[in-house]
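Work through the exercises below with the coordinates open. Each task is followed by a solution in steps.

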Amino acid sequence: MDRRRFLKTSGISLMATKLASDAVAATEEPKRKAVSDAFRLLSAPVLLNVAPDRVSVLIAVSAHATGWVEFGETEALGKRSDGEVGGMRPLHNRILRFDITGLKPGKGYFYRIRVCPVIFSNAYRISRGTPVASELFSFRTLNPSAATASFTCWNDTHENRPTLSALTDLLQRNPTDFLVWNGDITNDIHREEQLVGQFIDPAGKPFAASTPLFLGRGNHDVRGRDARHLAEMMTGPDGRYYYAFRQGPLACLVMDTGEDKPDELPVYAGLNNYAAYRTEQARWLADVIKQPWFRKAAFRVAFLHIPLLWEAELPANWATVWGAGIKGWICEDGHQKWHDLLCKGNVDAVISGHTHRHAWFAPRRGRPYAQLIGGGPAADNAIAITGHATSKQLQIDLQNLEGKVVESHLFRRK
Ligand SMILES: [Fe+2]
Ligand SMILES: [Fe+2]
């Protein structure tokens, strides 16, 4: 064999051997590697961003894992979502997310997540362990044509587990169509590893496994070195923190007030541009309020963390809490950019938190919407806000952690 022919043949032969070994590696049953017995689910499922036809479900895991959701209209389930994105089924060491689509409006569904630990040694050495199942839960999709709508709103829970546990118990006793977590969920997001405890398992028990969650960011949730990682795990619909949706007679806006001090403050080192972000939201709001599904709702409520106004005497320490000359208890820029649109859009109430002191500013001439503010993280001033709407009236109650209604406000259809 001449040298040239030898090189050509041996090249082909080497390549063929490599391809053959790849084929074997890819088709042979991977050797079962002991997957740690310590693998476990670190949370109950969290339902996120429910819509008439879809919902996302998240669950926290202790190590690399994949999984799927079984769901159906009866406890027999029968359907399955593998949560694949771009052909890839989930594989993550912290959070798995599954989008369930093709659902029917206002319909009840049962579901269970099955999670399977995965040891990923290399591209062709991947071992699956024994699947672990969540409990069976149920939820209901939104329905724009429903006769009624109900919501629960929490704010400023600030990682206070006893408060979160009590709020969760209240919600379990009186479930609503959805839950809005209206900001200051955290005491800043310093490290990415904190996110599971902060957002997925805040109370050590299921809190959004049956009542779907909508997320609104507060100033503490946009603060901290790893705050930008939140968007990898949890956002509102379409990857944003400002969005709108309709449930029966109620149209809801969730908006993002951002930080509570000016962007140009040296402490932020030039990393913030919430002024532009609020302008972007004003453009979006101008469009939403023109849409028939929004205009035709019997009631309209905006959830946004920092109140747009405070029309009462200021507590003595507030003038110094945020720094001289900074009115950090309100979002002045948001007020300037959104107030006229909220009036034009016939919004009935803006529901906020942030001040850790509940307050009510009734609608008045020049401001046709009410400004309602929830409580703080401590057990003695935490507040669960609930809303119940029909086509004729919207009742908003403020409850303390014992479930006692401390304030009630009734809105008639305008
Ligand atoms: Fe707060
Ligand atoms: Fe706040």
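**Exercise 1. Helix α2**

Check whether the end-to-end distance of helix α2 (residues 161-173) in this predicted model agrees with its length. Then state which residues of α2 are buried and how they are arranged around the axis.

Solution.
1. Helix α2 has 13 residues, and at 1.5 Å a residue it should span 18 Å.
2. The end C-alpha atoms of α2 are 18 Å apart, which agrees with the expected span.
3. The buried residues in α2 are T163, L164, L167, T168, L170 and L171.
4. These residues cover an arc of only 160° around the axis, so they lie on the same side of α2.
5. The general rule behind this is that an α-helix has 3.6 residues a turn, so residues three or four places apart point the same way.
6. The cover over the buried residues of α2 includes strands β10 (149-154), β11 (178-182), β19 (384-389) and β20 (393-399).

**Exercise 2. Two packed helices**

Describe how helix α5 (residues 274-288) and helix α8 (residues 332-344) are placed relative to each other.

Solution.
1. Two packed helices are described by the angle between their axes and the distance between the axes.
2. The axes of α5 and α8 come within 10 Å and cross at roughly 5°.
3. Angles under 35 degrees count as roughly parallel, so α5 is roughly parallel to α8.
4. On the α5 side, the contact is made by A275, R278, T279, A282, L285 and A286.
5. On the α8 side, D333, G334, K337, W338 and L341 take part.

**Exercise 3. Three glycines in loops**

Classify G375, G236 and G106 as buried, partly exposed or exposed, using the count of other C-beta atoms within 10 Å. List the contacts of each with residues beyond four places in sequence.

Solution.
1. The cut-off for buried is 20 or more other C-beta atoms within 10 Å, and 12 or fewer counts as exposed.
2. G375 sits in the loop between β18 (370-373) and β19. With 27 other C-beta atoms within 10 Å, G375 is buried.
3. The contacts of G375 are H356, H358, N381, A382 and I383. For H358, 17 residues away along the chain, the C-alpha separation from G375 is 4.6 Å.
4. G236 lies in the loop between α4 (230-233) and β13 (243-247). Its count is 20, so G236 is buried.
5. G236 touches N49, F214, L215, Y241, Y243 and V254. The C-alpha atoms of G236 and L265, 29 residues apart along the chain, are separated by 28 Å.
6. G106 belongs to the loop between β5 (95-100) and β6 (108-122). Its count is 17, so G106 is partly exposed.
7. G106 is in contact with R140, T141, N143 and A146.

**Exercise 4. The whole chain and its confidence**

Summarise the chain, then decide where the coordinates call for caution.

Solution.
1. The chain holds eight helices and 21 strands, and 41% of its 414 residues count as buried.
2. Along its principal axes, the C-alpha trace spans about 100 × 55 × 40 Å.
3. Of the contacts with a separation of 6 or more, 72% join residues 24 or more positions apart.
4. The mean pLDDT is 92, and 91% of the residues score at least 70.
5. Among the elements, strand β14 (residues 250-255) has the highest mean pLDDT, 99, and helix α1 (residues 3-27) the lowest, 42.
6. Over residues 1-26 the pLDDT is below 50, and this stretch has three contacts beyond near neighbours in sequence.
7. Where pLDDT is low, the predicted coordinates should not be read in detail.

Technical notes: Residues are numbered from 1 along each chain as its sequence is written. Chains are lettered from A and ligands numbered from 1 in the order in which they are written. This is a predicted model: local features need pLDDT of at least 70, side-chain atom pairs count only at pLDDT 80 or more; totals for chains, interfaces and linings use all residues. Helices (H or I, at least four residues) and strands (E, at least two) are DSSP runs, numbered from the N terminus. Two residues are in contact if their C-beta atoms, placed from the backbone, lie within 7 Å. The expected span of a helix is 1.5 Å times one less than its number of residues. The arc is that of the directions from the helix axis to the C-beta atoms. pLDDT is the predictor's confidence in each residue, from 0 to 100. Axes are lines fitted to C-alpha atoms, for helices over the stretch in contact, and angles run from 0 to 180 degrees between N-to-C directions. Angles under 35 degrees count as roughly parallel, over 145 as roughly antiparallel, 65 to 115 as roughly perpendicular and the rest as oblique.
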